[in-house]
Amino acid sequence: VQSKTLRLLGDAQKRVEEDPVRLLRALRFKAKLGFRFSTDLEKQFNSQNWALIAHVSPHRLYDESQKMFTGGYLVPLLPLLFDYRAIEHLIFYPPTRLMPLVERVASNTDKRINEGKSINPAFFYAALLWENYLHQLAKAIKRNMPFAEAQMHAAGKVIDRQRIKTAIPKFAEQFIRDIWVLQPKLAAPRSKQIVQLSEHPRFRAGFDFLLLR
């Protein structure tokens with residue numbers, strides 16, 4: 001603690017082989033505490049050890065991601081996820097760089113947590129996967145799908161793929177899907193739809209997402 005150094009007890013390589021999730025946990029503590037890694041721990045962030053993550057249950061990886069996303073230190077954590085290539089093992093179609101939307105949602109999430117306000121971890125997933133959704137939506141529209149059908153197809157495809165990495169619960173999947181589908185309706189609402197939209201159970205989350213976009 002005095003040297004502000006994070007280290008694994010005993011043989012670092014053996015500890016990671018026993019449980020590769022320790023790599024994610026180390027990044028979480030680094031972001032939270034602002035500590036540095038010991039030389040032995042730093043060396044463990046390699047392709048061989050990251051490959052071990054593929055053998056970890058998607059349910060466990062989802063639980064670990066929730067601890068990462070809801071700790072109140074997403075802003076310092078996000079660059080670490082990219083620098084240490086952790087993002088490639090948490091997201092099925094991983095982004096190659098930090099998108100402004102994701103940075104804004106991370107900042108907003110940390111702020112709400114530090115103010116003691118409630119958050120829904122699925123909201124951050126909605127931001128992380130947004131570009132993937134837009135990509136799939138564009139492909140569906142090119143195939144001349146009706147827009148509403150294209151939205152559901154794109155959302156389903158992205159969520160199905162992501163489930164292979166992190167097993168997002170059904171209620172969270174629906175939350176993400178609703179936020180995405182609401183975006184064009186909230187951006188350009190028809191006058192007859194306004195009351196109906198305002199009464200939608202995901203209205204507040206969808207509108208917050210629109211503002212952050």
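Leu128 is found in helix α8, and this residue makes a handy way into the predicted model. Leu128 is buried, with just 7% relative accessible area, which puts it below the 20% cut-off for that label. Setting aside residues up to four places away in sequence, Leu128 touches Phe69, Ile87, Ile91 and Val102. Val1 is another matter: 127 residues separate Leu128 from Val1 along the chain, and their C-alpha atoms sit 33 Å apart.

Stepping back to the whole protein chain, there are 13 helices and two strands. The C-alpha trace spans about 65 × 40 × 25 Å along its principal axes. The chain has 213 residues, and 46% of them count as buried. As for the outside, the accessible surface comes to about 11,600 Å², with 53% of that belonging to carbon and sulfur atoms. How are the contacts spread along the sequence? Taking contacts between residues at least 6 apart in sequence, 70% join residues at least 24 apart. On the charge side, the tally is 34 positive and 20 negative side chains, and the centres of the two sets lie 3 Å apart.

Aromatic rings come next. A search of the whole structure turns up 13 aromatic pairs. One of them brings helix α8 back into the story: the rings of Tyr62 and Tyr125 have centres 5.9 Å apart and planes at 20°, so this pair counts as stacked. Tyr62 belongs to helix α5 (residues 58-69) and Tyr125 to helix α8 (residues 121-128), so the pair ties together parts of the chain that are 63 residues apart in sequence. Both of these tyrosines, Tyr62 and Tyr125, are buried. The pair made by Phe92 and Tyr93 is edge-to-face, with 4.9 Å from centre to centre and 90° between the planes. Phe92 is partly exposed at 28% relative accessibility, and Tyr93 is also partly exposed, at 34% relative accessible area. Beyond these pairs, Phe123, Trp130, Tyr133, Trp180 and Phe209 form one aromatic cluster.

Rings also turn up with charges over them. The charged end of Arg28 sits over the ring of Phe29, 5.1 Å from the ring centre. Lys30 does something of the kind with Phe37, lying over the face of the ring at 4.7 Å from its centre.

Helix α6 (residues 74-83) offers a look at how helices pack. Which of its residues are buried? They are Leu74, Leu77, Leu78, Leu80, Leu81 and Phe82. These buried residues pack against α2 (21-33), α5, α7 (100-114) and α8, so α6 has contacts, with heavy atoms within 4.5 Å, to each of those four helices. Just after α6, the backbone does something worth a glance: Arg85 takes a positive phi of about 65°.

Two more residues have a positive phi. Lys4 is not a glycine, yet its phi is positive at about 50°. Lys4 is placed in the segment before β1 (5-6), and it is exposed, with a relative accessible area of 51%. Asn144 is likewise a residue other than glycine, and its phi is near 65°. The place of Asn144 is in the loop between α9 (130-142) and α10. With 69% relative accessibility, Asn144 counts as exposed.

Helix α10 (residues 147-165) is where Lys165 is found. Is Lys165 buried, partly exposed or exposed? Its relative accessible area is 24%, so Lys165 is partly exposed. Leaving out neighbours within four places in sequence, Lys165 is in contact with Pro58, Leu61, Glu88, His89, Leu90, Ile91 and Phe92. Two of these names have come up already: Ile91 is also touched by Leu128, and Phe92 is the ring that pairs edge-to-face with Tyr93. Lys4, by contrast, lies well away from Lys165: the two are 161 residues apart in sequence and 32 Å apart in space, C-alpha to C-alpha.

How values were computed:
Residues are numbered from 1 along each chain as its sequence is written. This is a predicted model: local features need pLDDT of at least 70, side-chain atom pairs count only at pLDDT 80 or more; totals for chains, interfaces and linings use all residues. Side-chain values use heavy atoms; hydrogens and water are left out. Buried means under 20% relative accessible area, exposed over 50%, partly exposed in between (1.4 Å probe, protein chains only). Accessible areas come from the Shrake-Rupley method with a 1.4 Å probe; for residues, only the protein chains shown count as cover. Lys and Arg count as positive and Asp and Glu as negative; His and the chain ends are not counted. The place of a charge is taken as NZ of Lys, CZ of Arg, CG of Asp or CD of Glu. Rings of Phe, Tyr and Trp (its six-membered ring) pair if their centres lie within 6.5 Å; planes under 30 degrees apart count as stacked, over 60 as edge-to-face and the rest as tilted. A charge sits over a ring if NZ of Lys or CZ of Arg is within 6 Å of the ring centre and within 35 degrees of the ring normal.
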